[in-house]
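Take a walk through this structure, from the overall fold down to single side chains. Keep the viewer open as you read.

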Amino acid sequence: MAAVAAAPSRGIDRVRRAFQRFPFLPALIILVALLLLNGLYQPRSVSFIGITGLVKTYLALMLLSVAQTYVVYAGDIDLSAGAIVSLVNVVIVVLMEQWGGGGFAVLGAIGIGLCVGLGCGIVNGIAVAALRLQAIVATFATSIFFAGLALYVLPVAGDPAPAAFWRTYGGKFFGIPFVFYAAVLLALVLYGLARMRLSTQLLAVGDDPQAAFQSGLPVTAIRIKGYALCGLFAGLAALCVTGDTASGDPLVGGKMTLFSIAAVVLGGSALSGGFGAVTGSVLGALIIGLINSLVYFVGTPSEWQNLVQGLAILIALMAGVVVGRKARA
């Protein structure tokens, strides 16, 4: 009898350990359910073309969610991530236009755009970690500053990106869409970053900053590096936005900040820091994309779409958090 009673207990323990080791499992379950629902209402949405469109549209949000995860690891937050996307978007479009739109102009503008994103992240890191300002207030202030800079660089939306740029982003190479190459490269980069000491140090700082400091970790430098990574990935997200929209818009990143934070939480990361995985944040971004698609496929009237999208994201958020919390308890 004891052996029979112990068997279910061992099964529950295995599930609990799996959720502790892979905090993104609830997000993965929700993602599969949403894929099935999308396929039920619109079979083409789960075809190769449909999946390509999903990745192409939401690759920017995936990257921005990854950016947000690295500051959330350390218990911080970045409310300026969307504004960085807008700033980098207009900077690269204006530079590519002024430099003639050729291959070297595109590469040069991309390099400068990524440097702008990295610089914005370092500014945030210095404000929060070195000057010890509250993250939510400091990054809110810098978001206004970065948004103002974006409007100064390009006051009116609509400047077109060179055809070489958006055709590459939306094109195919050897029959495979470019966005899949980008997604594979992203996966390799994230795998490499996960193996680096910085990820572990960010989680250690987020788990207990005082203990991390007493154990000899340079807490301030680690937090600044987290914000620098956030700025760099926000710059990469801006490249995807530019490729997808084929134009410059100083307000394009406005809504993306809160979506990126929602994706991080959907993916199982704790906003208090010290627990999570970038894989979950990527899945969280895809969940938001699939919810938006599902709301459209079920024929929701346009005036109700925002309401239904918000409600569906809230339900997915609660389901993921409750399931993950119970499994880890």
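The paragraphs below go from the whole chain to its core, its salt bridges and its cysteines.

Keep in mind that this is a predicted model. The secondary structure of the chain comes to 14 helices and 4 strands. The radius of gyration is 21 Å, and the globule rule gives 20 Å for 329 residues, so the chain is as compact as a globular protein of that length. Along the principal axes, the C-alpha atoms fill a box of roughly 80 × 55 × 40 Å. Buried residues account for 46% of the 329 in the chain. The exposed surface is about 16,100 Å², and carbon and sulfur atoms supply 70% of it. Look also at how the chain meets itself. Of the contacts between residues at least 6 apart in sequence, 78% join residues at least 24 apart.

Now go inside. The largest nonpolar core has 87 residues. Helix 3, residues 48–73, gives the most to this core, with 14 residues. L64, Y70, V85, L190, F233 and I287 have the most contacts inside the core. Pick L64 and list its neighbours beyond four places in sequence. They are A81, G82, V85, A234, A237, M256, T257 and S260. V85 is thus both a contact of L64 and one of the core residues with the most contacts.

Two other buried residues are worth a stop. T139 lies in helix 6, residues 135–153. Its relative accessibility is 0%, so T139 counts as buried. Leaving out residues up to four places away, T139 touches I77, D78, L79, S80, N124, V128 and Y227. L198 sits in helix 9, residues 197–207. At 16% relative accessibility, L198 also counts as buried, because the cut-off is under 20%. Beyond four places in sequence, its contacts are I222, K225 and L229.

Next, the charged pairs. Side chains of opposite charge can pair when their charged atoms come close. The structure holds 2 salt bridges. In one, K56 pairs with D244, and the closest N and O atoms are 3.1 Å apart. This pair links distant parts of the chain, since K56 is in helix 3 and D244 is in helix 11 (residues 219–245), 188 residues away. K56 is partly exposed at 25% relative accessibility. D244 is partly exposed too, with a relative accessible area of 30%.

The other salt bridge joins the side chains of D76 and R223, at 2.8 Å from N to O. D76 lies in the loop between helix 3 and helix 4 (81–98) and R223 in helix 11, so the pair ties together parts that are 147 residues apart in sequence. D76 is buried, with a relative accessible area of 7%.

Finally, the cysteines. How many disulfides are there? The count comes to 0. C115 is in no disulfide; the nearest cysteine sulfur belongs to C120, 11 Å away. C115 counts as exposed, at 53% relative accessibility. Why does C240 not bond to another cysteine? The closest cysteine sulfur, in C230, is 15 Å from the sulfur of C240, which is too far for a bond. C240 counts as buried, at 9% relative accessibility. To place C240 in the fold, go back to L198. These two residues are 42 apart in sequence and 26 Å apart in space, C-alpha to C-alpha.

Terms used. Residues are numbered from 1 along each chain as its sequence is written. Side-chain values use heavy atoms; hydrogens and water are left out. Buried means under 20% relative accessible area, exposed over 50%, partly exposed in between (1.4 Å probe, protein chains only). Contact means heavy atoms within 4.5 Å. A nonpolar core is a set of buried Ala, Val, Leu, Ile, Met, Phe, Trp, Tyr and Cys residues joined through side-chain atoms within 4.5 Å. A disulfide is a pair of cysteine sulfur atoms within 2.5 Å. The radius of gyration is taken over C-alpha atoms; the globule rule is 2.2 Å times the number of residues to the power 0.38. Accessible areas come from the Shrake-Rupley method with a 1.4 Å probe; for residues, only the protein chains shown count as cover. A salt bridge is a side-chain nitrogen of Lys or Arg within 4 Å of a carboxyl oxygen of Asp or Glu.
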